[in-house]
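Please look through the structure below at your own pace, turning it as you read. The paragraphs that follow take one helix as a starting point and then widen the view.

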There are 2 protein chains.
Amino acid sequence: MTNYPPTLVQLIKQFAKLPGIGEKTAIRLALHVMRSSKDEADMLAKSICLVKEKIRLCEQCYGLTDQPVCQICQNASRDNSIICVVEQTDDLASIEQSGAFKGQYHVLHGTISPMNGIGPDDIRIPELLTKVSKGSIKEIVIATNTNVEGEMTGSYIAKCLASYDIKISRIASGVPIGSDLKYIDQLTMKRAMENRHTFE
Amino acid sequence: MTNYPPTLVQLIKQFAKLPGIGEKTAIRLALHVMRSSKDEADMLAKSICLVKEKIRLCEQCYGLTDQPVCQICQNASRDNSIICVVEQTDDLASIEQSGAFKGQYHVLHGTISPMNGIGPDDIRIPELLTKVSKGSIKEIVIATNTNVEGEMTGSYIAKCLASYDIKISRIASGVPIGSDLKYIDQLTMKRAMENRHTFE
């Protein structure tokens, strides 16, 4: 890397800070930028600056947006009476990608994690409770991750909401579609067996 | 991807244009930029612009530099009587990394490739011949790639320089250090056998 000019080394170092980008990939990216047209490079640089300037959290669901309220919350055709609770904005994007959910979201931005000193009030749980207390919500779908912290956070939310007359559901766990049963871990298989349902 | 705000989608698209970066990686990179500090993002954007502004080819060796003449050509401690001929600036960096060469370089920026209509005058061969004709060069090390075009380009340069009283050498081909003989391809093994030398 030291055999490249300082300006290029600077860019290589910047690229290498990105997640999953090692020195060799950073060099390849930097050389690509160097060989691309000035317009293309400017466009990339400008996009980076714009993201930092414009992207913020939606005032309603705390998902990502470049407006005060995100496209999903603004969408009048979605069902406002059902809220899907996710840990991170990536999870929201993944659920949206599936097209299986047409309600609203609530992004917690974390999980309860006593080991790391993160309690319910450090993530967006109070905001969720406030939403529910307003009375128009009929169902909360808990779509936190299936690890210890995700399950704990889900349980905590379910407990907090128990006094309200709403449905509280959890996305199903089980064998991923297309996977080979012989490679499924025991816990997943146990869950798939426990959650078995009538053949459709 | 369409579930992210337009500003973010714009950056994802820009990242996805880079070599070896698919949509998933582009999303990860864009989210990282979004989460990083404004200073870090600005630094990345600025580095991209600077590379396009400042990086140019060295007037002497045609390697990359941000000055008129590169650091290697400016280095008084290097041997100016020996020139290593490489195809690309990456090859130069790779040889420098090894620390095995202390002479000067000449970057061809391509190979002779009749299939693609690239002749000797389309790459920096005339400039190399001019350098040699000035008389102070004692050795040319041909370090083009070991594929058909690289070998052809090397042979052509060797032929052009045959009339000069200088040494013309070729970097050795053979079994890579640390590799397992049973996985070596036949051509490499044949070359390694042909080029065998006295045991040191």
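In this predicted model, a good place to begin is helix H3 of chain B, where the exposed residues Lys38(B), Asp39(B) and Glu53(B) sit on the face turned away from the buried side of the helix. The buried residues of H3(B) are Ala41(B), Leu44(B), Ala45(B), Ser47(B), Ile48(B), Val51(B) and Lys52(B). Because these buried residues cover an arc of only 150° around the axis, they lie on the same side of H3(B).

What do the buried residues of H3(B) pack against? Their partners are helix H1 (6-16), helix H2 (23-35) and helix H3 (38-54) of chain A, together with helix H2 (23-35) of chain B. As for the length of the helix, H3 of chain B runs over residues 38-54, and its 17 residues, at 1.5 Å a residue, should span 24 Å, so the 24 Å between its end C-alpha atoms agrees with what is expected.

Widening the view to both chains, 41 residues of chain B are in contact with 42 residues of chain A. On the side of chain B that touches chain A, at least two residues come from each of helix H1 (6-16), H2, H3, strand S2 (64-65) and helix H5 (89-98), and the largest share, 13 residues, is supplied by H3(B). Sorted by class, this side of chain B has 23 nonpolar, ten polar and eight charged residues.

Chain A, finally, is divided into domain 1, covering 6-54, and domain 2, covering 79-170, and the centres of these two domains, taken over C-alpha atoms, are separated by 36 Å.

How values were computed:
Residues are numbered from 1 along each chain as its sequence is written. Chains are lettered from A and ligands numbered from 1 in the order in which they are written. This is a predicted model: local features need pLDDT of at least 70, side-chain atom pairs count only at pLDDT 80 or more; totals for chains, interfaces and linings use all residues. Domain bounds come from an automatic or database domain assignment. Helices (H or I, at least four residues) and strands (E, at least two) are DSSP runs, numbered from the N terminus. The expected span of a helix is 1.5 Å times one less than its number of residues. A residue is buried if 20 or more other C-beta atoms lie within 10 Å of its own, exposed if 12 or fewer, and partly exposed in between; C-beta atoms are placed from the backbone. The arc is that of the directions from the helix axis to the C-beta atoms. Two residues are in contact if their C-beta atoms, placed from the backbone, lie within 7 Å. Ala, Val, Leu, Ile, Met, Phe, Trp, Tyr, Cys and Pro count as nonpolar, Asp, Glu, Lys and Arg as charged, and the others, Gly among them, as polar.
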